[in-house]
Amino acid sequence: MSVFGCIQPGLPPSYSFQQVEEGRWMLPLGFLKSDQLVVFLTGTQGCPEGKGIGVYLSRSNEQSYEYLGCLRNDCPTTIFKVPVAMMDVAREFPFTLGLSLEPLPTLLNLESSGTTQAQIQARALTYISLAKKLATDLNTYVSSFVRTDERIGEYLLAPSQVLTKWLDRVVAKLQQDPDWWSKRTV
């Protein structure tokens, strides 16, 4: 039996990790059915003294891996949330799980330094919300220049500086209320 296991909700556990080099393993996950993964040590063998297992995730078409967290002898099972930034609602990607035997202080430093996964996800959602609000506002502003002609139907008649004027308008709104973009409008 493998030293590691992975469970995707709704699927049977997978133990088919392939060792790619000394202290490194990977598991092709295919298309994810959930934004959560359970990764665990099976108990057949623990981590060497002072070591832990770094858990990483990558889209199979990319070479870079995103650090999710770690497994340790005192915490052999963890539920990991797939970072929102890795999930693309427009397209599905197959994913690969990577495991790496690393010094425990290095793994703990990765978890305590920098930005946590939750902060990264919150920031991604913030950027998505901001982009939606700005796109909606731009569409509303530009739509105000739509005209109707009985021969050709609707057409856009906008001043040449329409985007500059819209940007000035958005900047003024943000100066007046920095949280303007996060408020719902009816």
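This passage walks through the strands, one helix and the cysteines of a predicted model.

A good place to start is an open sheet of three strands, arranged in the order β1-β4-β7 with antiparallel pairing. The edges of this sheet are held by β1 (4-7) and β7 (77-81), each of which has a single partner strand, so one side of each is left without a neighbour in the sheet. On average, and with direction ignored, neighbouring strands here are turned by 20° against each other. The pairing of β1 with β4 (residues 36-41) is antiparallel and rests on four bridges. Within this pairing, Gly 5 can be found opposite Phe 40 of β4.

Elsewhere, β2 (residues 18-21) and β3 (residues 24-31) also run antiparallel, and three bridges connect them. One of the facing pairs to look for is Gln 19 with its bridge partner Trp 25 in β3. The two strands make a hairpin with two residues between them, and Gly 23 in the turn has a positive phi of about 75°. Strand β3 has a further antiparallel pairing, with β8 (residues 94-103), through seven bridges. Here Arg 24 lies opposite Ser 100 of β8.

A second hairpin is built from β5 and β6, with six residues between the strands. Strand β5 (residues 51-59) is joined to β6 by five bridges in the antiparallel sense, and Leu 57 has Glu 66 of β6 as its bridge partner. Most of β6 (residues 66-71) is covered, with five of its six residues buried.

One of the residues in this stretch of chain, Cys 70, leads on to the cysteines. A disulfide is a covalent bond between the sulfur atoms of two cysteines. Searching the whole structure gives zero disulfides. Cys 47, accordingly, takes part in no disulfide, and its nearest cysteine sulfur, belonging to Cys 70, is 8.7 Å away. For Cys 70, the closest cysteine sulfur is that of Cys 75, and no bond is possible because the separation of 7.2 Å is too far. Cys 47 has a relative accessible area of 10%, so this residue is buried. Cys 70 likewise counts as buried because its relative accessibility is 3%.

Further along the chain comes helix α3, which covers residues 162-176. Its 15 residues reach 21 Å from the first C-alpha to the last, close to the 21 Å expected at 1.5 Å a residue. Which residues of α3 are buried? They are Val 162, Trp 166 and Val 170. Viewed down the helix axis, the buried residues fall within an arc of 70°, so they line one face of α3. The spacing fits a general rule: an α-helix has 3.6 residues a turn, so residues three or four places apart point the same way. On the other side of α3, the exposed residues include Gln 175 and Gln 176.

The segment after α3 contains Trp 180. Is Trp 180 buried or exposed? With 11% relative accessibility, this tryptophan counts as buried, because the cut-off for that class is under 20%. Leaving aside residues up to four places away in sequence, Trp 180 touches Lys 133, Leu 134, Asp 137, Val 170, Lys 173 and Leu 174. Val 170 in this list is also one of the buried residues of α3. The C-alpha atoms of Trp 180 and Leu 130 are separated by 9.8 Å, although these residues are 50 residues apart along the chain.

Terms used. Residues are numbered from 1 along each chain as its sequence is written. This is a predicted model: local features need pLDDT of at least 70, side-chain atom pairs count only at pLDDT 80 or more; totals for chains, interfaces and linings use all residues. Side-chain values use heavy atoms; hydrogens and water are left out. Two strands pair if DSSP finds at least two bridges between them. Axes are lines fitted to C-alpha atoms, for helices over the stretch in contact, and angles run from 0 to 180 degrees between N-to-C directions. The expected span of a helix is 1.5 Å times one less than its number of residues. Buried means under 20% relative accessible area, exposed over 50%, partly exposed in between (1.4 Å probe, protein chains only). The arc is that of the directions from the helix axis to the C-beta atoms. A disulfide is a pair of cysteine sulfur atoms within 2.5 Å. Contact means heavy atoms within 4.5 Å.
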